[in-house]
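Biologist: Please take one part of this chain and look at it closely, then set it against the aromatic residues of the rest.

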Amino acid sequence: MTGWIFVLFIALFATAIVISIVLDRKRTEAIKQLAATMGFDYREHPQTYLPDTIWQFDLFNKGRNRRLKHLIQGTQEEAIVSVSDYQYTTGTQKNRTTHNQTVVFIESDRLNLPNFLLIPENIFHKVGNVFGYKDIDFDSHPEFSSQYLLKGTDEESIRSLFHDGILNIYQRHPGTSTEGLDTLLIYYRKGQRFKPDQWQNLLNEAIEAYEQFSQHYY
């Protein structure tokens with residue numbers, strides 16, 4: 001009986017691998033078609049087409065086995081615009097978790113951003129505030145301040161950057177994460193890998209935010 005259980009386990013494991021490969025190929029083809037429709041290029045080796053700045057962001061310093069995949073890239077609104085899947089792993093053995101999300105990258109000389117991190121605020125952040133964990137809040141937008149944790153090294157510059165137009169955008173799109181530094185902005189929802197037919201909507205949101213952030217430059 002033990003032998004049959006072992007054989008069954010191997011069969012199920014092999015089946016899961018085959019299904020994963022098939023689904024990934026389907027996703028690849030769908031993303032390639034999307035890129036063609038949008039007039040973007042599909043990049044086989046994503047990391048070589050993105051600035052090294054990304055490795056300074058919080059998202060790209062979590063866990064291990066970090067991997068970018070399915071990158072599409074084009075130009076829009078005076079910016080180099082990219083959309084890609086990204087994953088990393090945390091924990092070990094039974095507690096091992098693979099985190100997946102779709103990320104929009106916008107690189108443009110119209111941006112002049114202080115280093116900042118904007119993520120949905122959770123109970124741990126709120127408790128941390130009691131003990132001096134720094135969160136930049138805005139009295140004019142209590143809804144934004146209750147939804148998000150915003151932090152960075154230059155609070156004055158960040159406050160200047162986050163004008164009413166930006167604050168209103170993030171109030172309309174709760175659960176969004178954004179990081180910025182110099183000429184690069186990334187936009188994503190933590191733990192959410194979007195279907196290819198949803199990439200355009202995510203990109204539209206990111207472009208809307210980018211246009212507001214770029215006003216700070218001028």
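Modeller: What follows starts at one glutamine and then turns to the aromatic rings. This is a predicted model, in which local features need pLDDT of at least 70 and side-chain atom pairs count only at pLDDT 80 or more, while totals for chains, interfaces and linings use all residues. Residues are numbered from 1 along each chain as its sequence is written, and side-chain values use heavy atoms, with hydrogens and water left out.

Gln 171 belongs to helix α5, residues 164–172 (helices are DSSP runs of H or I with at least four residues, numbered from the N terminus). Its relative accessible area is 19%, so Gln 171 is buried (under 20%; exposed is over 50% and partly exposed in between, with a 1.4 Å probe and protein chains only). Leaving aside residues up to four places away in sequence, Gln 171 touches His 141, Glu 143, Phe 144 and Gln 147 (contact means heavy atoms within 4.5 Å). A polar atom of the Gln 171 side chain lies 3.2 Å from the backbone nitrogen of Phe 144.

Phe 144 is also part of an aromatic cluster, together with Phe 116, Phe 138, Tyr 148, Phe 162, Tyr 170, Tyr 187 and Phe 213 (rings of Phe, Tyr and Trp, the last by its six-membered ring, pair if their centres lie within 6.5 Å). Over the ring of Phe 138 in this cluster sits the charged end of Arg 159, 5.2 Å from the ring centre (the criterion is NZ of Lys or CZ of Arg within 6 Å of the centre and within 35 degrees of the ring normal).

Note on methods. Helix = DSSP H or I, 4+ residues; strand = E, 2+ residues; numbered from the N terminus. Polar contact = N/O pair within 3.5 Å; in protein donor to acceptor, adjacent residues only side chain to side chain. Phe/Tyr/Trp six-rings, centres within 6.5 Å; stacked < 30°, edge-to-face > 60°.
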